[in-house]
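The following paragraphs lead the reader through one protein model, beginning with a single pairing and widening to the whole. Please keep the sequence and the structure in view while reading.

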Amino acid sequence: MREFTFVLEREPDIKSVGALVEEAAGCTSDITIHKGEKAGNAKLIFNVLSLSLKPEDEVTVSVEGEKEQAEAEGFEEFVKQWLTSTENKK
């Protein structure tokens, strides 16, 4: 299993959460987003929304599967771009 952690800079809107879920759905590995005691499948939009992600939240992503190394690296790169995209800024 591979993990990485990041801090949210802003509250994600439905469009940006949809893009995150779409990116996760393209992976064969299981991808789970953890916020505190809560966790949700990153491939299911309602799971991600149920985490009630807010600015300054520390979030850990775990990736587990046969291609976990490559998919974790790719998903982490997507998250970095997702966090800095001007489209997602309010």
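Which residue in β3 is the bridge partner of His34? In this predicted model, the partner of His34 is Ala39. The two residues belong to a hairpin formed by β2 and β3, with two residues between the strands. Gly36 lies in the turn and has a positive phi of about 60°. Strand β3 covers residues 38–41, runs antiparallel to β2, and is joined to β2 by four bridges.

Strand β2 also pairs with β4, which spans residues 58–64. Here five bridges join the two strands, and the direction is again antiparallel. One of the contacts is made by Thr32, whose bridge partner in β4 is Ser62.

The side chains of β2, which comprises residues 30–35, alternate between two faces. Ile31, Ile33 and Lys35 point to one face and are buried. Asp30, Thr32 and His34 point to the other face and are not buried.

These pairings can now be placed in the full sheet. Strands of a sheet pair through backbone hydrogen bonds, either parallel or antiparallel. In this model four strands form an open sheet in the order β1-β4-β2-β3, with antiparallel pairing. Strands β1 (2–7) and β3 stand at the edges and have a single partner strand each, so one side of each is left without a neighbour in the sheet. From one strand to the next, the twist averages 20°.

Attention turns next to helix α1. This helix consists of 12 residues, 14–25, which at 1.5 Å a residue should span 16 Å. The C-alpha atoms at its ends are 16 Å apart, which agrees with that expectation. Buried within α1 are Ser16, Val17, Leu20, Val21 and Ala24. Because these residues cover an arc of only 140° around the axis, they lie on the same side of α1. On the other side of the helix, Lys15 and Glu22 are exposed.

The charged side chains complete the picture. Side chains of opposite charge can pair when their charged atoms come close. How many salt bridges does a search of the whole structure find? The search finds three.

One of them joins the side chains of Arg10 and Glu9, at 3.4 Å from N to O. Arg10 has a relative accessible area of 13% and is therefore buried, since the cut-off for that term is under 20%. Glu9, at 46% relative accessibility, counts as partly exposed.

Another salt bridge forms between Lys54 and Glu11, whose closest N and O atoms are 3.6 Å apart. This pair links distant parts of the chain, 43 residues apart: Lys54 is in the loop between α2 (45–49) and β4, and Glu11 is in the loop between β1 and α1. Lys54 is partly exposed, with a relative accessible area of 38%. Glu11 is likewise partly exposed, with a value of 34%.

The remaining salt bridge returns the reader to β2, where Lys35 pairs with Asp57, the closest N and O atoms being 3.4 Å apart. Lys35 lies in strand β2 and Asp57 in the loop between α2 and β4, so the pair ties together parts that are 22 residues apart in sequence. Both Lys35 and Asp57 are buried. Lys35 thus appears twice in this account: as a partner in this salt bridge, and among the side chains on the buried face of β2.

Methods:
Residues are numbered from 1 along each chain as its sequence is written. This is a predicted model: local features need pLDDT of at least 70, side-chain atom pairs count only at pLDDT 80 or more; totals for chains, interfaces and linings use all residues. Side-chain values use heavy atoms; hydrogens and water are left out. Buried means under 20% relative accessible area, exposed over 50%, partly exposed in between (1.4 Å probe, protein chains only). Two strands pair if DSSP finds at least two bridges between them. The expected span of a helix is 1.5 Å times one less than its number of residues. The arc is that of the directions from the helix axis to the C-beta atoms. Axes are lines fitted to C-alpha atoms, for helices over the stretch in contact, and angles run from 0 to 180 degrees between N-to-C directions. A salt bridge is a side-chain nitrogen of Lys or Arg within 4 Å of a carboxyl oxygen of Asp or Glu.
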